[in-house]
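Me: I am new to this structure and would like a close look at a single part of it, namely one residue and its surroundings. Please set that part within the whole chain, and take your time over it.

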Amino acid sequence: MPKRVDHEERRAQITEALVRVAARQGLHAVGMRDVAAEAGVSLRLVQYYFETKEKLLLHGLQWLTTGLSSRIADRVRAAGEAPGPRAVIEAVLLESLPTDEESRAFHLVHTAYAVLAVTDEALAAQPFIDGPDAAEDVLADQLERAREAGLTPPGLDVRTEAISLLALSAGLGTSVLVGQRPPEAATAILRHHLDRLFPNGS
């Protein structure tokens, strides 16, 4: 009997190859033939699943976003059965730093998508700010919980602090990518700011 093909697994294989090639060469330089070679499949197979480079790129963007959400969820679970607000916030922020090969590839490629979207109409139509908006809401909700529990200074503006933390994390991530500072230093800076926000515990 012919071997049964898992189409979702095949699509994931090709998409992962796209991300690896884009992390090495830059997203603008990636061709479908490059992705096929990286995935160890034929160009025809890549075209069968994605038809055009545009569709492949759009799927790649969705794959990156889903992967980030999954890794944040893993960090939250690793923090314990009932993690407090600080643990949840720290999980979101630390996953936003390129601290290993996987997260570095994510940040390189996702940044390239954002830059390409400035001139590419199809990519520009994608909801790039949905993810950051959702992260902002999560952090604001956790800070509100912390404020109500007396874990943060009174009168804390939770929305402003959530925006500030995400901006800090994004800037630190870029500084790690370009070699300005090591991941350990960026992590220490984030935790320093969280210590300031949570002087009364987690």
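Reply: What follows looks closely at Glu95, with the whole chain as its setting and two other residues alongside.

The model is a predicted one, and its protein chain is made up of 10 helices and 0 strands, so that, read from the N terminus, the elements run α-α-α-α-α-α-α-α-α-α. The C-alpha trace of the chain spans about 65 × 40 × 30 Å along its principal axes. Of the 202 residues in the chain, 38% are buried, and the accessible surface comes to about 11400 Å², with 54% of that surface belonging to carbon and sulfur atoms. When contacts between residues at least 6 apart in sequence are considered, 65% of them join residues that are at least 24 apart. The chain carries 21 positive and 28 negative charges, and the mean positions of these two sets are 6 Å apart.

Within this setting, Glu95 belongs to helix H5, which covers residues 85–95. Is Glu95 buried or exposed? Glu95 counts as buried because its relative accessibility is 7%, and the cut-off for that word is under 20%. The side chain of Glu95 is joined to the side chain of Arg71 by a polar contact of 2.9 Å. If neighbours within four places in sequence are left aside, Glu95 is in contact with Leu68, Arg71, Ile72 and Arg75, and also with Ser103 and His107. Arg71 therefore appears both in this list of contacts and as the partner in the polar contact with Glu95.

One of the residues in contact with Glu95, Leu68, leads on to the annotations, since the UniProt record, an unreviewed entry, lists residues 8–68 as "domain: HTH tetR-type". In the model, that span is 82% helix and 0% strand, and its end C-alpha atoms lie 19 Å apart. The record, again as an unreviewed entry, also gives the annotation "DNA-binding region" to residues 31–50. For residues 31–50 the model shows 80% helix and 0% strand, with the end C-alpha atoms lying 13 Å apart.

Two further residues can be set beside Glu95. Ser175 is found in helix H9, which covers residues 158–177, and Ser175 counts as buried because its relative accessibility is 3%. A polar atom of the Ser175 side chain lies 2.7 Å from the backbone oxygen of Leu172, while the contacts of Ser175, apart from neighbours within four places in sequence, are with Gln180 and Arg181.

Arg147, for its part, sits in helix H8, which covers residues 130–148, and Arg147 is partly exposed, with a relative accessible area of 32%. The side chain of Arg147 makes a polar contact of 2.4 Å with the side chain of Glu144. Leaving aside neighbours within four places in sequence, Arg147 is in contact with Thr152, Leu156 and Val158. Arg147 and Phe198 are 51 residues apart in sequence, yet their C-alpha atoms are 9.3 Å apart in space.

To return to the part in question, Glu95 is a buried residue of helix H5, with a side-chain polar contact to Arg71.

Note on methods. Residues numbered from 1 in each chain as written. Predicted model: local features only at pLDDT ≥ 70, side-chain atom pairs only at ≥ 80, totals over all residues. Heavy atoms only, no water. Helix = DSSP H or I, 4+ residues; strand = E, 2+ residues; numbered from the N terminus. Buried < 20%, exposed > 50% of the residue type's maximum accessible area, 1.4 Å probe, protein only. Contact = heavy atoms within 4.5 Å. Areas by Shrake-Rupley, 256 points an atom, 1.4 Å probe, with all protein chains shown as cover. Lys, Arg positive; Asp, Glu negative; His and termini not counted. Charge placed at Lys NZ, Arg CZ, Asp CG, Glu CD. UniProt positions renumbered as here; feature names shortened; annotations may be inferred. Polar contact = N/O pair within 3.5 Å; in protein donor to acceptor, adjacent residues only side chain to side chain.
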